[in-house]
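Let's go through this model by question and answer. Each answer sets a value beside its definition.

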Amino acid sequence: MGWFNRKAPPQSAEAQARDRDWESALQRGTLPQPVLERLAHAREGRAPWVATMTPAELLTARSHGCRPIATVSGTCWYNFGFSWTLGHGEGWGYALDRIRQEAYAAGANAVVDVQMRTIRHRIGSSMDFTLIGTAIRVEGLPPSKDPVVATVPALQFVQLLEMGIVPTGIAVGASYDWLGGNSWNYNKRYGGAVTQWQTGIFAGNQPLHELGSFWENVRREAHASLREHAATMGSGVLAHTHFGQIIKKEQGDKQPPAYLGRHIVIGTVVDTPFGAAVPHGIEPVVDMRDDDTLSASRGHRHSVYSQQIGEGEGPI
Amino acid sequence: MAEQQIPQHALERLKGLRTQGHAGGIFTSDFSVNEFLLVRKAGFEPVGLCVGSCIYHLGFQFAGWGSNVELEQLSLAMYEARALAMERMRLEATNMGADGIVGVRLTVKRLEWDKNILEFVAIGTGIVHAKGHQGFKGPNGQPFTSALSGQDFWTLLSAGYRPLEMVMGSCVYHVARRGPFATMSSIGQNVELGNFSLALYEAREIAMERMQLEASKAGAEGVVGADLHEGSHNWSTHVIEFFAIGTAVLPIEGHQSDDIPDPKLVLSVNS
């Protein structure tokens, strides 16, 4: 890039070597030597541990025999080729494999407080999928060859373990389909006409059954692929993220418009036997704090005087 | 926190000894961790996410310029669309053998490319009683539906009630415009706009009545978590929808109110 900017600093020989290390490691599906060394040092206690935990979380983690080892991460910057929707499943899948590798190298039993992140950039049709969390060791247990990945903070992780629930990973279900237009399916390819007629200007109140059942199928397939993905890791999914979109695409004069339906659902996989006991007792309490009953910050119970009133409304 | 033992199966999983594989029965749910624990504590297990949706095309209805009147076709449409979404959700629950659905959220979304098309979605988690108790089913042996969160579900059962069915009522109402003389006469005056007050009363009353009627049809003793939403779905400024929704409940037989522990008063010092 020297041609653009003469003052651009040249990449040092070490940086170039690191780049090459990363490149070959990502291709082989392993980690580069310096990273392995850093994690090995953390594992053996020769380097200070690094945790995303707050002091309160550290307190509960320690009182329950969990020791932080290192912050571990997994990133995959993914280019969407033929399908944006399915790319999400694969992108998170790679990131998950990579964070597991780092956790394994750190000799961990689990990664807790795993957060799903992305940088909102607009570089072509691509997105980065990043997972970051804290690798921990449970005292008295040998390192795991298949560390679990938990999206909950250390406090909840311990709470869940006591109740016989192990959060094991992240599952993604994604599906898309076309109604009319580009669909491979013959019936769907010539679909869309009913919907066009049902949404015309003289159409009355009515459910759109063609579009509706098409959309339902897209969603069901996404959920089926979520279950399939989760079945490799545990016995259930707590699906916290749902994303769905129907996009209309005009096809020209003679043809009805086509509809693209896409659905993504993401959840935390848990492994637990059916009907496991909950050992903790639950005691009803009434909190004497005032801040969540009368204020407008929660719900709309007393929201009359919220920000909705414009400044010019009522002169006195 | 009392010292608790981590169960053996959990320890084995942490050692990486046990390989998983539950190709058969995998449950899905949108519970938070606390909701999951409380539903378990109440004696239930999640089986699967139940979703029902209805994409609906809204037509139009004219109303007289100066009349306070319910737009019955629109009321019916708004109700029918939600009822279809809920019924489809309940069908999914029946198919997976659930005793009921908790945490139902009913949402309305306008599609970006057509202002007359609304998407109604009902989503909740289907649950079964862990010991196969059949007494929690809703009306006609169908799964019950409820808008209660996992926390509210546990608390409702502790209060000696069980959820039956989500009940709702909708009323789309046209609020009359005021004539020129009425407008003139109120210039500079602090006065009540009587016909506007009346319209809101009327519309709210109709929506609540319809919800109550549904509850009595379901054989309920009462309705908890009742809420009234006022909304305009891209209609003209004088058209509003009142939508009442709540969970119809029935007492659990043999539950005494003496069984309910007195809540302890606490004051958290860390918030």
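Q: How many residues of chain A and of chain B take part in the contact?
A: Chain A gives 63 residues and chain B gives 54 residues. Two residues are in contact if their C-beta atoms, placed from the backbone, lie within 7 Å. This is a predicted model, where local features need pLDDT of at least 70, side-chain atom pairs count only at pLDDT 80 or more, and totals for chains, interfaces and linings use all residues. Residues are numbered from 1 along each chain as its sequence is written, while chains are lettered from A and ligands numbered from 1 in the order in which they are written.

Q: Which element gives the most to the side of chain A that touches chain B?
A: α8(A) does, with 10 residues. Elements giving two or more residues to this side include α8 (209–231), β7 (236–249) and β8 (258–271) of chain A. Helices (H or I, at least four residues) and strands (E, at least two) are DSSP runs, numbered from the N terminus.

Q: What makes a residue on this side of chain A count as nonpolar, polar or charged?
A: Ala, Val, Leu, Ile, Met, Phe, Trp, Tyr, Cys and Pro count as nonpolar, Asp, Glu, Lys and Arg as charged, and the others, Gly among them, as polar. By that rule, the side of chain A that touches chain B has 33 nonpolar, 19 polar and 11 charged residues.

Q: Why are β6(A) and β2 of chain B called paired?
A: Two strands pair if DSSP finds at least two bridges between them. β6(A) and β2 (residues 44–57) of chain B have two bridges, in the antiparallel sense. So they meet the definition. In β2(B), B:Y56 is the bridge partner of A:P207.

Q: How do you know that β7(A) and β8(A) pair?
A: Again, at least two bridges are needed. β7(A) and β8(A) have 13, and run antiparallel. One partnership joins A:G244 to A:H263 in β8(A).

Q: What is the strand order of the open sheet of four strands?
A: The order is β5(A)-β8(A)-β7(A)-β1(B), with mixed pairing.

Q: Why is one side of β5 of chain A and of β1 of chain B left without a neighbour in the sheet?
A: β5 of chain A and β1 (27–29) of chain B stand at the edges, each with a single partner strand, so one side of each has no neighbour in the sheet.

Q: Which domains does the assignment give for chain A?
A: Domain 1 (15–163) and domain 2 (175–235 + 243–273). Such bounds come from an automatic or database domain assignment. The C-alpha centres of these two domains of chain A lie 34 Å apart. Four residues of domain 1 of chain A are in contact with five residues of domain 2 of chain A.
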